[in-house]
Structures are given as C-alpha cells and as structure tokens.
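The following exercises ask the student to read a protein structure step by step. Each task is followed by a worked solution.

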Amino acid sequence: KQWYQRRVAITAGEALTAKGYGNCSLINIMMELKKCSNHAYLVAAGAAAAPRNRYGGYEGNSLIQGSGKLILLKKMLAKLKETGHRVLIFSQMRIMLDILEEFLDFLGYKFERIDGAITGADRQE
C-alpha cells in the first residue's frame with residue numbers, strides 16, 4: 001500500500017511539475033480524486049462546462065448523468081419511497097451536499113439538510 005501511495009505521489013508530482021504547477025502535495029491530489037469520484041461538477045472544469053437551468057442551478061438530467069452515484073441513488077430512492085422508507089445520507093463534503101440538494105429538488109423529494117450551517121434551534125423544529 002505504501003509503495004502505491006509513493007508511486008502515485010511521484011507520478012502525479014512529476015506530471016504536475018511538468019505542466020508548471022510546481023510543488024503539489026499528495027493531500028491536494030487525493031482531495032481532487034475524491035471530488036471527481038463523487039461528481040464531475042465538483043471539479044472546476046466540470047462545473048464550468050455544466051449546463052445550467054434558468055435559475056442558475058445545474059440542469060437536472062445533466063446533474064444526474066454526471067455521476068454514477070446519483071444514477072444509482074435515483075433508482076434506490078424510487079424503490080425505497082414505494083415501500084415507505086426514509087433515507088439518511090451522509091457526506092463529508094458540503095459541496096456534495098449542495099449537489100445532493102439540487103438533485104433532490106429536481107426529483108421532487110422532501111428533505112432536511114443538517115450541516116454546520118444549521119443551528120440547533122432550527123434542527124429541533
């Protein structure tokens with residue numbers, strides 16, 4: 001495992017240095033990989049090229065097609081709703097919660113977002 005981590009760091013570092021990005025840490029590279037594995041719009045180039053709706057948000061179908069996880073989640077939510085289940089979704093990234101919020105709005109699901117911006121009083125309501 002350590003050999004692979006070093007190899008990824010060396011290869012990525014060489015590639016970034018060759019493209020003029022200078023020193024770039026493995027932590028930054030890993031964060032970018034986490035972002036692109038969650039959704040294409042979390043990476044700057046993907047967000048810039050994303051189609052928008054008239055309100056400035058992401059276009060719904062493109063939003064779903066931009067992530068295999070959202071395609072699967074759409075199917076799972078439909079089946080869970082049919083059987084009366086409730087769903088709790090966790091994410092370590094607030095920007096992914098923003099995308100999930102637009103996704104759920106587009107599909108017409110009711111949801112409550114609980115993150116660091118929500119006060120304790122609002123959670124109780």
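## Exercises with worked solutions

The model examined here is predicted.

**Exercise 1.** Determine how many helices and strands the protein chain has, and what share of its residues is buried.

*Solution.* Step 1: the secondary structure consists of seven helices and zero strands. Step 2: read from the N terminus, the order of elements is therefore written α-α-α-α-α-α-α. Step 3: of the 125 residues in the protein chain, 23% are buried. Step 4: consider the contacts between residues at least 6 apart in sequence; 46% of these join residues at least 24 apart.

**Exercise 2.** Describe the length of helix 5, and state which side of helix 5 its buried residues occupy.

*Solution.* Step 1: helix 5 comprises residues 68–82, which is 15 residues. Its span from the first C-alpha to the last is 22 Å, close to the 21 Å expected at 1.5 Å a residue. Step 2: L70, L73 and L77 are buried in this helix. These residues cover an arc of only 55° around the axis, and therefore lie on the same side of helix 5. Step 3: a general rule helps here. Residues three or four places apart in an α-helix point the same way, because there are 3.6 residues a turn. Step 4: the face turned away from the buried side carries the exposed residues G68, K75, K79 and E82. Step 5: the cover over the buried residues of helix 5 includes helix 4 (60–65) and helix 6 (94–107).

**Exercise 3.** Examine what is found at the N-terminal end of helix 5 and just after this helix.

*Solution.* Step 1: the N-terminal end is capped by S67, which has a side-chain oxygen 3.2 Å from the backbone nitrogen of K69. Step 2: just after helix 5, G84 has a positive phi of about 80°. Step 3: S67 and K69 are also touched by N38, as are M93 and M96, leaving out residues up to four places away in sequence. Step 4: N38 itself belongs to helix 2 (residues 26–38). Its relative accessible area is 16%, under the 20% limit, so N38 is buried.

**Exercise 4.** Identify which helix gives the most to the largest nonpolar core.

*Solution.* Step 1: this core has 18 residues, and those with the most contacts inside it are Y58, L63, L70, I99, L100 and F103. Step 2: at least two residues of the core come from each of helix 4, helix 5 and helix 6. Step 3: helix 6 gives the most, with six residues. Step 4: L100 is in contact with L70, L73 and I89, when neighbours within four places in sequence are left aside.

**Exercise 5.** Classify the one aromatic pair of the structure, and explain which parts the pair ties together.

*Solution.* Step 1: the ring centres of Y41 and Y58 are 4.6 Å apart. Step 2: their planes stand at 40°, so the pair is tilted. Step 3: Y41 is in the loop between helix 2 and helix 3 (44–49), whereas Y58 is in the loop between helix 3 and helix 4; the pair therefore ties together parts 17 residues apart in sequence. Step 4: Y41 counts as buried at 10% relative accessibility, and Y58 counts as buried at 13%.

**Exercise 6.** Decide whether D115 is buried or exposed, and name the side chain with which D115 makes a polar contact.

*Solution.* Step 1: D115 is located in the loop between helix 6 and helix 7 (120–124). Step 2: its relative accessible area is 9%, so D115 is buried. Step 3: the side chain of D115 makes a polar contact of 2.8 Å with the side chain of R113. Step 4: neighbours within four places in sequence aside, D115 is in contact with R94, L97 and R123.

Definitions and conventions:
Residues are numbered from 1 along each chain as its sequence is written. This is a predicted model: local features need pLDDT of at least 70, side-chain atom pairs count only at pLDDT 80 or more; totals for chains, interfaces and linings use all residues. Side-chain values use heavy atoms; hydrogens and water are left out. Helices (H or I, at least four residues) and strands (E, at least two) are DSSP runs, numbered from the N terminus. Buried means under 20% relative accessible area, exposed over 50%, partly exposed in between (1.4 Å probe, protein chains only). Contact means heavy atoms within 4.5 Å. The expected span of a helix is 1.5 Å times one less than its number of residues. The arc is that of the directions from the helix axis to the C-beta atoms. A polar contact is a pair of N or O atoms within 3.5 Å; within protein, one must be able to donate a hydrogen and the other to accept it, and residues adjacent in sequence count only if both atoms are side-chain atoms. A nonpolar core is a set of buried Ala, Val, Leu, Ile, Met, Phe, Trp, Tyr and Cys residues joined through side-chain atoms within 4.5 Å. Rings of Phe, Tyr and Trp (its six-membered ring) pair if their centres lie within 6.5 Å; planes under 30 degrees apart count as stacked, over 60 as edge-to-face and the rest as tilted.
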